[in-house]
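Colleague: I am new to reading protein models, and I would like some help. Could you take me through one, feature by feature?

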Amino acid sequence: MDAAMAEQFAKAFKEIGVHFQDIFSRLFGGGTAHLALTDKEHILEAGVEIYIRPPGKKQQSLTLLSGGERALTVIALLLAFLAYHPAPFCLVDEVDAALDEANVERMARYLKNYSGATQFIVITHRRKTMEAANTLLGVTMEEKGVSRLLTVKVDELLKEGT
Amino acid sequence: MQLLKMELRGFKSFADKTTLTFDKGITAIVGPNGSGKSNISDAVRWVMGEQNVRQLRGQKSEDIIFAGTQTRRPQGAAEVSLYFDNSDHALDTEFTEVVVTRRLFRSGDSEYYINRRPCRLKDIHILFADTGIGQDSMAVIGQNRVDRILNSKPEERRVIFEEVAGISRFKGRKADGLRKIAETERNLERIRDLMSVLEERLEP
């Protein structure tokens, strides 16, 4: 069973790594990224190291990244996971808060591309992300301390508009 | 498999029964700060079995239950249900719709249900293992999660990869198997002890 597990893990790890590189450079508009195991001899115990180089910069330790770069790196990793094995749904809570306009737009475009295989539920304040959504759920607090919900179907509204 | 809807009742700021329906594609949850948006993501993690209240931005488990306001009385229990379309049978059950529910009472008692029948948390974990929405999955990403993934040690990070690679189910089975072996060995040892004691008595 260990051998089968190691083989499956190694295969998955390799594929995720390829997706990660590809998605990272597309989200960042350049740069490189790769994943490595800390101990190649012991696949079942090895840790996972992330090496990234944003465009125009030299390879950096993860702790030195800016807030926006960190968020975008995790989004790239998340999309790499989904590319390998689509999850039924994925909920992201304001990960776009730290991104600049151009990055938000690239991210929203990517989510839209992947939304065929995976449902995305995004909690957001960013306009560009809302524009990519099919449905908007508004949470309000008209009565103090009590949340209420409003639903707006963007797709249907657009259809009515045309 | 697809998430169809989510029902909250008495969970954090959602005092009344609130139903969120999800379509294919992207659903954006919007609203002013402090209106309770992030409580929705907390609710998803809670149903899937999150045990650490701090991860849900609370101090004690009671903080999950609607605490009342100046004009409203507190609720006695919090309840969240997730409805999944399982017509493709991605989940290993004959039901075409699967409802997972968790309920918590002020007494601290927590209950789990699959399709309205009581179950253990472990049953929920087994049902969702390797679907990508299990416990350590990337299915729910919050702001603190971003930092946790990047700051965590390489060894901690691998758990997420195992879940995605689909080997966490094997790992669980292996752990169960090893536990059984250890148990059997303990039993054998006890029998050997008993036998040697009995043999000593037989000798004279």
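Modeller: We will go through the interface, the sheet, the salt bridges and a few single residues. Keep in mind that this is a predicted model.

Colleague: Let's begin where the chains meet. How many residues of chain A are in contact with chain B?

Modeller: Contact is judged by heavy atoms within 4.5 Å. Here 67 residues of chain A touch 65 residues of chain B. The area buried between chain A and chain B is about 6,000 Å², and carbon and sulfur atoms give 64% of that area. On the side of chain A, the residues that lose the most area to chain B are A:Phe89, A:Gln119 and A:Leu137, together 11% of what that side buries.

Colleague: Which polar features should I look for across the interface of chain A and chain B?

Modeller: Two kinds are worth a look. The count of salt bridges between chain A and chain B is three. There are also 31 residue pairs in polar contact across this interface. As for the residues of chain A that touch chain B, they divide into 40 nonpolar, 16 polar and 11 charged.

Colleague: Now the sheet. In what order do the six strands of the open sheet stand?

Modeller: Read from one end to the other, the order is E6(A)-E5(A)-E3(B)-E4(A)-E3(A)-E8(B), and the pairing is mixed. The letters in brackets show that strands of both chain A and chain B take part.

Colleague: Which strands stand at the edges?

Modeller: Those are strand E6 (146-153) of chain A and E8 of chain B. Each has a single partner strand, so one side of each is left without a neighbour in the sheet.

Colleague: How do strand E3 of chain A and strand E8 of chain B pair, parallel or antiparallel?

Modeller: They pair in the parallel sense, over two bridges. E3 covers residues 89-93 of chain A, and E8 covers residues 140-141 of chain B. To follow the bridges by eye, find A:Leu91, which stands opposite B:Val140. Then find A:Val92, whose bridge partner is B:Ile141.

Colleague: What is the general idea behind a salt bridge?

Modeller: Side chains of opposite charge can pair when their charged atoms come close. Over all chains, a search of the whole structure finds 21 salt bridges. One of them joins A:Glu15 and A:Lys11, with their closest N and O atoms 3.9 Å apart. Both residues lie in helix H1 (residues 2-28) of chain A. They are four residues apart, about one turn of the helix.

Colleague: Where does that pair sit with respect to the surface?

Modeller: A:Lys11 is exposed, at a relative accessible area of 52%. A:Glu15 has 33% and counts as partly exposed.

Colleague: Why does the pair of B:Arg157 and A:Glu49 join two chains?

Modeller: B:Arg157 lies in helix H4 (residues 154-165) of chain B and A:Glu49 in strand E2 (residues 48-53) of chain A, so this pair joins two chains. The side chains meet in a salt bridge at 3.8 Å, N to O. B:Arg157 is buried, with a relative accessible area of 2%, while A:Glu49 is partly exposed at 23%.

Colleague: Are B:Arg158 and B:Glu162 in helix H4 buried or exposed?

Modeller: B:Arg158 and B:Glu162 are both buried. Their side chains meet in a salt bridge of 2.8 Å, N to O, and within helix H4 of chain B they stand four residues apart, about one turn. Salt bridges can also share partners: A:Glu143, A:Arg148, B:Asp16 and B:Arg72 are joined into one network that way.

Colleague: Let's look at one residue closely. What does the side chain of A:Thr118 reach?

Modeller: The side chain of A:Thr118 reaches the backbone oxygen of A:Ala87 at 2.9 Å. A:Thr118 is in the loop between helix H3 (101-114) and strand E4 (119-123) of chain A, and this residue is buried at 3% relative accessible area. Among the residues that A:Thr118 touches are A:Leu82, A:Pro86 and A:Phe89.

Colleague: Last topic: backbone angles. Which residue other than glycine has a phi near 50 degrees?

Modeller: That is B:Lys12, and the value is positive. B:Lys12 is in the loop between strand E1 (2-9) and strand E2 (18-21) of chain B, and counts as buried at 12% relative accessibility. B:Arg116 also has a positive phi, of about 70 degrees. B:Arg116 is in the loop between strand E6 (110-114) and strand E7 (117-119) of chain B, and is partly exposed at 46%.

Methods: Residues numbered from 1 in each chain as written. Chains lettered and ligands numbered in written order. Predicted model: local features only at pLDDT ≥ 70, side-chain atom pairs only at ≥ 80, totals over all residues. Heavy atoms only, no water. Buried area = accessible area lost by both parts, 1.4 Å probe. Salt bridge = Lys/Arg side-chain N within 4 Å of Asp/Glu carboxyl O. Polar contact = N/O pair within 3.5 Å; in protein donor to acceptor, adjacent residues only side chain to side chain. Nonpolar A, V, L, I, M, F, W, Y, C, P; charged D, E, K, R; others polar. Pairing = 2+ DSSP bridges. Buried < 20%, exposed > 50% of the residue type's maximum accessible area, 1.4 Å probe, protein only. Lists of a residue's contacts leave out its neighbours within four places in sequence.
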